[in-house]
Amino acid sequence: MNAAARKPDHVYLVDGSGYIFRAFHALPPLTRSDGTPVNAVLGFCNMLLKLIEDAEAEYIAVIFDAGRKTFRNEIYAEYKAHRPEAPPELVPQFALIREATRAFNVPAIEIQGYEADDLIATYATQAAAQGHDVTIVSSDKDLMQLVGDRISLFDPMKNRKIGETEVLEKFGVAPDKVVDVQSLAGDSSDNVPGVPGIGVKTAAELINTYGDLDTLLARAGEIKQPKRRENLLANADLARISRDLVTLKRDVPLDVPLDGLAKQGIDGATALAFLQQNEFRQLITKLQARLGEAGIKASRGGARTENAKSGDATVQIAADPAAFSGTHELVQDEERLVAWITRARAAGAIAFDIETTSLNIIEAKLVGMSLAVAANAACYVPVGHEGKSGDLLGGATERPQQIPLDRALALMKPLLEDPSVLKIGHNIKYDLAVMRRYGIETAPIDDSMLISYVLEGGAHGHGMDELAKLHFDHDTIKFGDVAGSGKSQVTFDQVPLDKALAYAGEDADVTWRLHNLLKPRLIAERLTTVYETIERPLVPVIAGMELAGVKIDAAELGRMSQDFASRMADMEGEIHDLAGAEFNVGSPKQLGEILFDRLKLPGGKKGKTGAYSTGADVLEELAETSGHPLPQKVLDWRQLAKLKSTYTDALPLAIRPETGRVHTSFALAHTSTGRIASTDPNLQNIPIRTEEGRKIRRAFVAEPGHVLLSVDYSQIELRLAAEMADIQGLKDAFRDGADIHAMTASQVFGVPVEGMDPMVRRQAKAINFGIIYGISAFGLAQQLGIPQGEAKAYIEAYFERYPGIRDYMERMKKFAREKGYVETLFGRRCHMPGINDKNPARRSFMERAAINAPLQGTAADIIKRAMIRMPGALQDAGLNGRMLLQVHDELLFEVPEAEAEATGKLVKKVMEEAPLPARKISVPLIAEIGTGPNWAEAH
DNA sequence: GGGATCACG
DNA sequence: GACGTACGTGATCCCA
């Protein structure tokens, strides 16, 4: 992964002693019912809880002074000698604040003989040296000398950060000179003597003039003002002693190493017990809400042992939300299910997950449902588990006790459809689709997978197993662990209840935790809009498309398969004759040996594997140059082999008998740019470019009385390039509805559009595509089959004519380098791990991706916006068509014949206006309509 | 299970 | 100038 780009860890060091004094004076008096004053303790608890919850802290500790005598008293007996005794109302609060610290599971650090400031200095110095960021929670001026690049202070009373600027304001010098100023000015409250007659102002002036204390003292004789000169000369030693007093010790031998300050989860029971003891009612309510709803943010893998006190009736919190207890409830009767549903309603949100017999939403039979209402608070409701059928040796088991399916669904339906209860899933599209088949419309929803995708798309995968490992360092139970793998794998209805409970309960538990961890980040990282206006509303729409499926003429595909088979057999015969040997034409390795070893055609090795490269480009080159007929024959054979194995053979097998249609699955959180991907089967790569392949589209048909309607964006990415790179010439051309490639040719090569050589236009077209891909001379040369130098000249000419495009490319690269991601017009972030890779090949690869991603990603955002509006738009217009497929810039519908024209116009309008009202694009977006009895004719 | 190949936008 | 190249996907096949 990308260690270099990772955010540094953050260390929070709370100055406990400093805090208590200031809080005591700042807050109104407050006592608990036994008379113990607790105002400073309450302030402290508020501050600490806020810190634990809000701060992205990996390390937290509270540091205290231990006793009054320190090594400074040996240097100067009078140090802090005139401190008055602490007010009596403050005294008992010292111990309580230490207790509070421990109750929140934060280390309380103190060492005899050292002040808190010295410990803070030592930890801060070590942490900064390790590359961590440090925030010292204190406003003590004595700590300001520590401020630097990685270290800052935070004033908890004024809610204000104290960085280098603020230090400069206060002392008139940079943090590294604060000690020098303090040595001269002294400090009456600490009884640091300093030099008489010199205050902070004068001290700063002197230090700024002479650089540092030693230089100043050495050259004190040069000072013009007689009084100041004499004082300095007479009290040089006093200044040096003062320096020793104010200089914080950064090498205190620590009892607890920095690692020991790693943030732990709050133990709900312990913390609540402390708050109750001190009667902090508001805090109790707040903490209970937090724990009940979520559990405090999970610590990084922090496993702990503390248990809830069983005697405390008011505290019913899972012992440690940060650790996975794995104790979930198996719900086998209606009473218990009702109890959980009640709990769910009270919580207002549940993590929800279903177990089924298949990943295919049409085939899947419901086996069980799990839900979680808090961390470590999940249940599993089996509804479709079968007993084992046994074998020749017996071993058959009874069907386990379960709530009947229809009863469970009847109880769950009101909850799943309750608008006041949020249903959180991880890839909830699946659960939503299957539940819809059972007559339940799950809403409202949240999806932890999509939240993760919006936050960190492109940085890593977003499967639950991967995220649990990443965020909680937790190894989830894998499907194979409970259902077996390979030949012995069984469907989930065959899994014993104990294993099913552990697996399904964990799924809901992890989903809850992920949501709890990631959802707040959407707001903090300004990604809520992308999630709420694009990703989340798309879920039910895509589910509808998957459930709808598309009709395929299996008989037609079968005939094509037979045709392909016989033609391939003929070709194989010819190929073997030409080669003079029998070999597997489908084996690139054997083919390479035939072509280059046996027939001695010109060409070379390539690739790490040492095998000959026999890709289409190589064979095409060979067919032209060698004059041998074999390469072309192989190319023809390969085309048929591809079409047969991937399409004409495979697609009929994908037809679901339940519906007689093919139902793809769209992956919503898979691509680095925001596009969706189609799998099982992939219906986004159905052939079209060759006539032979195009025939396969004829097998995608409409139901009787219906037609297929295809509407696709024309040149959307190039239009977006014109818009986002602000290329006036391109924008004008699009506005005029001109032939964009001819226009580019004219602009770049200076030839008139009238009577243009088609070759020139083709080259311009390749350049236009190159723009979208992050153009390189090599790539363009390869594409056009021209020398690299010539390609380079074209690109130069293009940049010359349209400087905006070069600016855009540089801007994207810079943005990506600095932020680690690039953005679409709608605010989606496409992460680019490796953009700063030291390997130039990998780096340039990511740079081209950084140039392409905003264009491809913005186009993806736009079509998604159109798709979200489509069902409502159709319904409002009283149209009965259904959206079936999305192919990146195309939407395919199945519509009643009589509605084809009206639907086409509506869809076109929705697609063209999709950016509005969020973004107004100055280049017109054009969508083109096609209809027909099959996809080939509709497109 | 990884690499090569090729289907799409 | 290094490095190895157009951007983004998924399915199928071969072969270790």
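Student: Which side chains meet Asp-214 or Arg-243 in a salt bridge, and how do I read that?

Tutor: Asp-214 and Arg-243 pair with each other, at 3.3 Å from N to O. The general idea is a distance rule: a salt bridge is a side-chain nitrogen of Lys or Arg within 4 Å of a carboxyl oxygen of Asp or Glu. Asp-214 sits in helix α9 (residues 213-218) and Arg-243 in helix α11 (residues 236-246), so this pair links parts 29 residues apart in sequence. Helices (H or I, at least four residues) and strands (E, at least two) are DSSP runs, numbered from the N terminus.

Student: Before we go on, what am I looking at, and how is it numbered?

Tutor: It's a predicted model, so to speak of local features we need pLDDT of at least 70, and side-chain atom pairs count only at pLDDT 80 or more, while totals for chains, interfaces and linings use all residues. Residues are numbered from 1 along each chain as its sequence is written, chains are lettered from A and ligands numbered from 1 in the order in which they are written, and side-chain values use heavy atoms, with hydrogens and water left out.

Student: How many salt bridges does a search of the whole structure find?

Tutor: The search turns up 57. Hold on to that rule, as we'll meet another such pair at a domain interface.

Student: OK, on to the DNA. How many residues surround strand C, and which are the closest?

Tutor: Start with the cut-off: a residue is near a molecule or strand if one of its heavy atoms lies within 4 Å of it. By that rule 36 residues surround DNA strand C, and the closest are Ser-587, Asp-680, Asn-682, Phe-778 and Arg-848. Now flip to the DNA side: of the strand C atoms within 4 Å of the protein, 64% are sugar or phosphate and the rest belong to bases.

Student: Which parts of the fold supply that surface?

Tutor: Several elements give at least two residues each, among them α23 (588-598), α25 (630-648), β17 (677-679) and α31 (758-773). The top contributor is α35, with nine residues. Sorted by class, the surface near strand C has 11 nonpolar, 19 polar and six charged residues. For the classes, Ala, Val, Leu, Ile, Met, Phe, Trp, Tyr, Cys and Pro count as nonpolar, Asp, Glu, Lys and Arg as charged, and the others, Gly among them, as polar.

Student: And what lies by a phosphate oxygen of strand C, say at Ser-587?

Tutor: Think polar contacts: pairs of N or O atoms within 3.5 Å, where within protein one must be able to donate a hydrogen and the other to accept it, and residues adjacent in sequence count only if both atoms are side-chain atoms. An N or O atom in the Ser-587 side chain is 2.3 Å from a phosphate oxygen of strand C. For the Arg-848 side chain the distance to a phosphate oxygen is 2.9 Å, and for a polar side-chain atom of His-670 it's 3.4 Å.

Student: How many residues surround strand B?

Tutor: There are 21, with Ala-616, Lys-642, Ile-688, Arg-689 and Asp-889 the closest. Sugar and phosphate make up 76% of the strand B atoms within 4 Å of the protein. Helix α25 gives the largest share of this surface, four residues, and the class split is six nonpolar, nine polar and six charged. Asn-685 has a polar side-chain atom 3.0 Å from a base nitrogen of strand B. The Asp-889 side chain puts an N or O atom 2.5 Å from a sugar or linking oxygen.

Student: Now that domain interface. How is its size given?

Tutor: People often quote the accessible area lost when the parts come together. Here, buried area is the accessible area (1.4 Å probe) that two parts lose on being put together, summed over both. Domain 2 (329-548) and domain 4 (692-725 + 836-939) of chain A, with bounds from an automatic or database domain assignment, bury about 890 Å² between them, 74% of it from carbon and sulfur atoms. Nine residues of domain 2 are in contact (heavy atoms within 4.5 Å) with 11 of domain 4.

Student: Which residue forms a salt bridge with Glu-535?

Tutor: Lys-864 does, with the closest N and O atoms 2.8 Å apart. The count between domain 2 and domain 4 is one salt bridge. On the domain 2 side, the residues touching domain 4 are seven nonpolar, one polar and one charged.

Student: Last one: where's a cis peptide bond, and what is omega there?

Tutor: Try Asp-680 to Pro-681, with omega near -5 degrees; Pro-681 is in the loop between β17 and α27 (691-697). Another cis bond joins Ala-443 and Pro-444, omega about -10 degrees.
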